[in-house]
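Visitor: Please show me the model and walk me through its helices and loops.

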Amino acid sequence: PEPGSLVVERFDLKEYMAEKGRRVNEALELAVPLRYPELIHRSMRHSLLGGGKRVRPLLAIAACELVGGCEAAAMPVACAAEMLHTMSLIHDDLPCMDNDALRRGQPTNHVLFGEETAILAAIALHSFAFEHVAASGSGVGVAPERVVRAILELSNSVGSEGLVAGQIVDISCEGKEVDMGVLEYIHIHKTARLLEAAAVSGAIVGGGEEAEVERVRRYARSLGLLFQVVDDILDVTKTSEELGKTAGKDLASDKTTYPKLLGLDGAREFAHTLVLQAEGELAAFDAARAAPLYHLARFIAYRHN
Ligand code: GRG
């Protein structure tokens, strides 16, 4: 085997995720300290620091390192991506949206702090994400034009061409049968766009060339869709196993899912195609540097819960 592929074989994703996750948590803790007015900062910190897999920061850091940048250069955009993700989760849990009481095993923001504070905390995290990149980007040795490009990617991914677009189409389709095109639109916008912006902004601040940044974009887009297809498959198979039946919750529910549109085998085949596409984009890079992103794609594709 080639030297690069040996390194890939020995790579420990769990260890990498734990180590990067620890440093991301430290950076987030420092970025949003508990200060006056305490209520809003407690509310922001509750949702931002209370768990989560930190997949978006990890993507930003791994993409930055993939193109030869260092972790410190990626940290501001990594934190910003997590702040934007957290902002979207606070909104998503509100009574006027999904009305969820639990998130990451803890009470949701509005349950603990009330709706007014939860909305204000989400807005504060939204604007602070960009402030954080603008204020600390150049401080870690990133050229100002790259800082601006990263902000452009992140801001575009949450507005009416990103998360908001996915959410409004999802809401409009509630209770209706949707086709493959609409299902894909919803998932690309609600899930893949922010994952993509995290990875792409990481590659930008890491000094990536245009072609490298676009490879990272295609990798992350496939990964985002893969995440959702596997989620749909697990919804069916987990419930089937629990009930000891062949048909799970999602094949019977109103929601349109990939297994419903493609059948379980078809959805598995689609997931396989997506993981191959994601891996294909990494083939152009040094194998050791690509190892975290390569293993992350496989982890998302072959996870069991
Ligand atoms: C107000 C600008 C604005 C946006 C809000 C509510 C909304 C618009 C969009 C919904 C976005 C949403 C909640 C999408 C689902 C994304 C998703 C895959 C969440 C789960 O991500 P994980 O598994 O979660 O990475 P953890 O907890 O590990 O971080």
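What follows is a set of short questions and answers on helix packing, burial and loops.

Visitor: What kind of model is this, and how are residues numbered?
Guide: This is a predicted model: local features need pLDDT of at least 70, side-chain atom pairs count only at pLDDT 80 or more, and totals for chains, interfaces and linings use all residues. Residues are numbered from 1 along each chain as its sequence is written.

Visitor: How are H5 and H7 oriented, roughly parallel or roughly antiparallel?
Guide: Helices here are DSSP runs of H or I with at least four residues, strands are E runs of at least two, and both are numbered from the N terminus. H5 and H7 pack at about 165 degrees, with axes 9 Å apart; axes are lines fitted to C-alpha atoms over the stretch in contact, and angles run from 0 to 180 degrees between N-to-C directions. Angles under 35 degrees count as roughly parallel, over 145 as roughly antiparallel, 65 to 115 as roughly perpendicular and the rest as oblique. H5 and H7 are therefore roughly antiparallel.

Visitor: How many charged residues are in the contact of H5 with H7?
Guide: H5 passes H7 in a left-handed crossing (the near helix is turned anticlockwise from the far one by less than a right angle; clockwise is right-handed). The contact (C-beta atoms, placed from the backbone, within 7 Å) includes Met-83 and Met-87 of H5 and Phe-128 and His-132 of H7. Ala, Val, Leu, Ile, Met, Phe, Trp, Tyr, Cys and Pro count as nonpolar, Asp, Glu, Lys and Arg as charged, and the others, Gly among them, as polar. The contact has 16 nonpolar and five polar residues, and the charged count is: none.

Visitor: Which residues of H8 meet H5?
Guide: H5 (residues 71-93) and H8 (residues 144-158) pack at about 10 degrees, with axes 11 Å apart. That makes H5 roughly parallel to H8. The crossing is right-handed. Val-77, Ala-80, Ala-81, Leu-84 and Ser-88 in H5 meet, from H8, Ala-150, Leu-154 and Val-158.

Visitor: What covers the buried residues of H7?
Guide: A residue is buried if 20 or more other C-beta atoms, placed from the backbone, lie within 10 Å of its own, exposed if 12 or fewer, and partly exposed in between. In H7, the buried residues include Leu-125, Phe-128 and His-132. Their cover includes H2, H3, H5, H6 and H8.

Visitor: How many residues of H4 are buried?
Guide: H4 has 12 residues and should span 16 Å at 1.5 Å a residue (1.5 Å times one less than the number of residues); its end C-alpha atoms are 16 Å apart, which agrees. Arg-56 and Glu-65 are among its buried residues. The helix is mostly covered, with a buried count of 12 of 12.

Visitor: Arg-54 or Arg-104: which one counts as exposed?
Guide: Phi of Arg-54 is near 60 degrees, and phi of Arg-104 is near 50 degrees. Arg-54, in the loop between H3 and H4, is buried, with 23 other C-beta atoms within 10 Å. In the loop between E1 and E2, a residue with 12 C-beta neighbours inside 10 Å counts as exposed: Arg-104.

Visitor: Where is the cis peptide bond that leads into Pro-37?
Guide: Pro-37 lies in the loop between H2 and H3. With omega near -5 degrees, the cis bond runs from Tyr-36 to Pro-37.

Note on methods
Contact = placed C-beta atoms within 7 Å.
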